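Hi,

Here is the structure I promised to pass on. Have a look at it first, and then read my notes below.

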Amino acid sequence: MTEKEYSLGLSQTQVAPGTYTFVADNAGTIAHALAISGPGVSPTQTSAISPGSKAQFTVTLQQGSYELWCPIDGHKALGMDTHIQVGAAGSTSPSGGATPSSTGAGGAY
């Protein structure tokens, strides 16, 4: 996922259930972070990510909708908010550099 003022860029918005590692790449000029919440996932987030740096977390996603956002004050309201759908009809595993996890379907963003 690429983060910058004030947007989030995902390689895909529909994926199969599985374990995924989200890598947040701060391509902006100020600090950002990445958070996720949804079915079966306790709210999880990175610490603040300096410009030009990366941070990551790994979560297991089950069928449903998940929200991803920047939890830095005010960034979500400025547009750093998106959703992914897991297990929808026609969903696919991530591509373009994604590496399946050892727990089945899944990969890295």
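**What I found**

Val15 has Val86 in S9 as its bridge partner. Before we go further, keep in mind that this is a predicted model.

That bridge belongs to the pairing of S3 with strand S9 (residues 81-86), which runs in the parallel sense over two bridges. If strand pairing is new to you: strands of a sheet pair through backbone hydrogen bonds, and they do so either parallel or antiparallel.

Now zoom out a little. Which strands make up the open sheet, and in what order? There are five, arranged S3-S9-S8-S5-S6, and the pairing is mixed. Strand S3 (14-15) and S6 are the edge strands, so called because each pairs on one side only.

At the S6 end you can see the antiparallel sense: strand S5 (residues 35-38) pairs that way with strand S6 (residues 41-45), over three bridges. Gly38 stands opposite Val41 in S6. S5 and S6 make a hairpin with two residues between them. Look for Gly40 in the turn, as its phi is positive, at about 75°.

Next, the rings. How many aromatic pairs does a search of the whole structure find? Just one. The partners are Phe22 and Phe57, with 5.8 Å centre to centre and 40° between the planes. That pair counts as tilted, because its angle is neither under 30 degrees (stacked) nor over 60 (edge-to-face). The two rings also link distant parts of the chain: Phe22 is in strand S4 (residues 18-26) and Phe57 is in strand S7 (residues 54-61), 35 residues apart.

Are these two rings buried or exposed? Phe22 is buried, at 0% relative accessibility. Phe57 has a relative accessible area of 8%, so Phe57 is buried as well.

Another ring to click on is Trp69: Lys76 lies over its face, at 5.0 Å from the ring centre.

Last stop, the surface. Tyr6, Ile30 and Leu78 make a nonpolar surface patch of about 250 Å². You will find Tyr6 in the loop between strand S1 (2-4) and strand S2 (7-9). With a relative accessible area of 32%, Tyr6 is partly exposed.

Have fun turning the model around!

Cheers

Technical notes
Residues are numbered from 1 along each chain as its sequence is written. This is a predicted model: local features need pLDDT of at least 70, side-chain atom pairs count only at pLDDT 80 or more; totals for chains, interfaces and linings use all residues. Side-chain values use heavy atoms; hydrogens and water are left out. Rings of Phe, Tyr and Trp (its six-membered ring) pair if their centres lie within 6.5 Å; planes under 30 degrees apart count as stacked, over 60 as edge-to-face and the rest as tilted. Helices (H or I, at least four residues) and strands (E, at least two) are DSSP runs, numbered from the N terminus. Buried means under 20% relative accessible area, exposed over 50%, partly exposed in between (1.4 Å probe, protein chains only). A charge sits over a ring if NZ of Lys or CZ of Arg is within 6 Å of the ring centre and within 35 degrees of the ring normal. Patches are made of residues with over 30% relative accessible area and no salt bridge: like charges are joined within 9 Å, nonpolar side chains (Val, Leu, Ile, Met, Phe, Trp, Tyr) within 5 Å. Accessible areas come from the Shrake-Rupley method with a 1.4 Å probe; for residues, only the protein chains shown count as cover. A salt bridge is a side-chain nitrogen of Lys or Arg within 4 Å of a carboxyl oxygen of Asp or Glu.
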